[in-house]
Amino acid sequence: MAASIAPRTFSYWALDHENEEQVLRHGAELSLRYLRESATAPPFPPRAAIAKARAAAMRLPDSPSRPKDVLAELSEIYAPATVRSHSGRYFGFVHGSSFPVGLAAKWMSTIWDQNTPLFALSPATALLEEQVEEWLVDLLGLPKESAVGFVSSTSQSLLTAMFVARQSLLSRLGWCARTKGLRDAPRLQVVLGEHAHGAVRRALTIAGFGEDEFCVVRADEQGRLDPAHLPVLGPNTLLVLQAGNIYTGSFDPYDAILPEARAAGAWTHVDGAFGLWAAASPQRRGLTRGIEGADSWSADCHKTLNTPFSCGLFLCRDRAAVRSAMASSGSYLALGDERNGMDYSPDMARRCKAAEIWATLKFLGRDGVAALVERLCANAQRIADGLRNEGYEVLHDVVFNQISVRLENDDKTINALQYVQQEGIAWCGGGVWAGSKVIRISVSSWRTSEDDCTQTIAAFGRARKAV
Ligand SMILES: Cc1ncc(COP(=O)(O)O)c(C=O)c1O
């Protein structure tokens, strides 16, 4: 427990009681110890560690504690209850690790502690964002004029996308939502695939579109939206497609949908949280054929690119539309002619995320990003093949980095999942696909090695025998 300090001997404002550098160095040492431990620790925290963190809940102390003790307590109580993002055998949700260079860049920019809405508030961040924008648009093969908003997640990117789409569609229909609001606005038609991620539905409902209004389009057995079932699209249509289904990794057929949608005047958005990165790999690029024909896209760097959390992207071909939807006013905001980050996302105050994205991209280069995507896909294929040999059914074609498997019935599948989770060698989650319970394995970490795949397959083999 952190020892409290007698008030008479302590000042919050004088640093002489503990040198600033020592505090930071202590935090760094504890972090490095954590990283070393993560190599062998179970990917998901043991129950006892979670119980210890829960039991540590306390009333906010009245008196101060020494920074060194505070950090030691954080490390001792809460670090053991973390999910080990740095494990190569964590396959839950869609969860990348971060490269050391990205983590270090995040450390550095944390010390810079930049606020990033305006060039005037951080020239460095504004220039980093401008550079990363140019790199990403090129790397992902999107229209050259596209703008990038740096947001916290795909969820926030989707929300931004819905606001931009709605304002743009209404504007094309002669309605200025900025001045007239939405109450009497022309009605928009929302079209999405039956397997749209929950974050898409959530963004739509937060933006004020009711679920009963959604036109939900049937998908094929791989989870790809089936163009034969699309309704008639028009200039009032907001169509949301997907790049990367979380159960099967499948991609919608953009080249069969987007040219017609565009000709009809619809606004199209693609949720590419992890899958948009396929466009950066010559081997997988075919999965995204035609995707550049959309109006906007969402992606996360903290998923497939393996930057630290929380690095989401909102990308849009129509820079003016984004700026118009996000525009803000205030005479004290020195807007100037430079690129101001707040024109491209709903945030004003925001930490600098571009440093870790810049560092990760600079470290990997174009070839490295492609190699990373291919590594994740190859490991997914390796695990899928191994699980088939262990008697699991893989429910789809393995085209990217997501796999869903099952055993003979739901009970066996759930029991096998629980066995793997409790054994602690690997961690993955479950879900429902094609009407049955499945185990979802998301291969999203650069750290996953061949040996991690072998250990994971063996854990599934033991699980199968145990159920
Ligand atoms: C396809 C898809 N869309 C949206 C999301 C939500 O992303 P985030 O957690 O960054 O908000 C995810 C998360 O895994 C996803 O896989």
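Mentor: A residue is near a molecule if one of its heavy atoms lies within 4 Å of it. This is a predicted model, where local features need pLDDT of at least 70, side-chain atom pairs count only at pLDDT 80 or more, and totals for linings use all residues. Side-chain values use heavy atoms, leaving out hydrogens and water, and residues are numbered from 1 along the chain.

Trainee: Which residues are the closest to the ligand, and how many surround it?

Mentor: There are 14 around the ligand, the closest being Thr 154, Ser 155, Asp 271, Asp 300 and Lys 303.

Trainee: What makes the pair between Ser 155 and the ligand a polar contact?

Mentor: A polar contact is a pair of N or O atoms within 3.5 Å. An N or O atom in the Ser 155 side chain is 2.6 Å from a ligand oxygen, so the pair qualifies. For Lys 303 the distance to a ligand oxygen is 3.0 Å, and for a polar side-chain atom of His 302 it is 3.5 Å.

Trainee: How much of the ligand does the protein bury?

Mentor: The protein buries 85% of the 390 Å² that the ligand exposes when taken alone; areas come from the Shrake-Rupley method with a 1.4 Å probe.

Trainee: Why is H6 called roughly perpendicular to H10?

Mentor: Helix H6 (residues 154-172) and helix H10 (residues 319-326) pack at about 100 degrees, with axes 9 Å apart. Angles of 65 to 115 degrees count as roughly perpendicular, so H6 is roughly perpendicular to H10.

Trainee: Which residues of H6 make that contact?

Mentor: Contact means heavy atoms within 4.5 Å. H6 brings Thr 160, Phe 163, Val 164, Gln 167 and Ser 168. By class, the contact of H6 with H10 holds six nonpolar, four polar and no charged residues.

Notes
Axes are lines fitted to C-alpha atoms, for helices over the stretch in contact, and angles run from 0 to 180 degrees between N-to-C directions. Helices (H or I, at least four residues) and strands (E, at least two) are DSSP runs, numbered from the N terminus. Angles under 35 degrees count as roughly parallel, over 145 as roughly antiparallel, 65 to 115 as roughly perpendicular and the rest as oblique. Ala, Val, Leu, Ile, Met, Phe, Trp, Tyr, Cys and Pro count as nonpolar, Asp, Glu, Lys and Arg as charged, and the others, Gly among them, as polar. A polar contact is a pair of N or O atoms within 3.5 Å; within protein, one must be able to donate a hydrogen and the other to accept it, and residues adjacent in sequence count only if both atoms are side-chain atoms.
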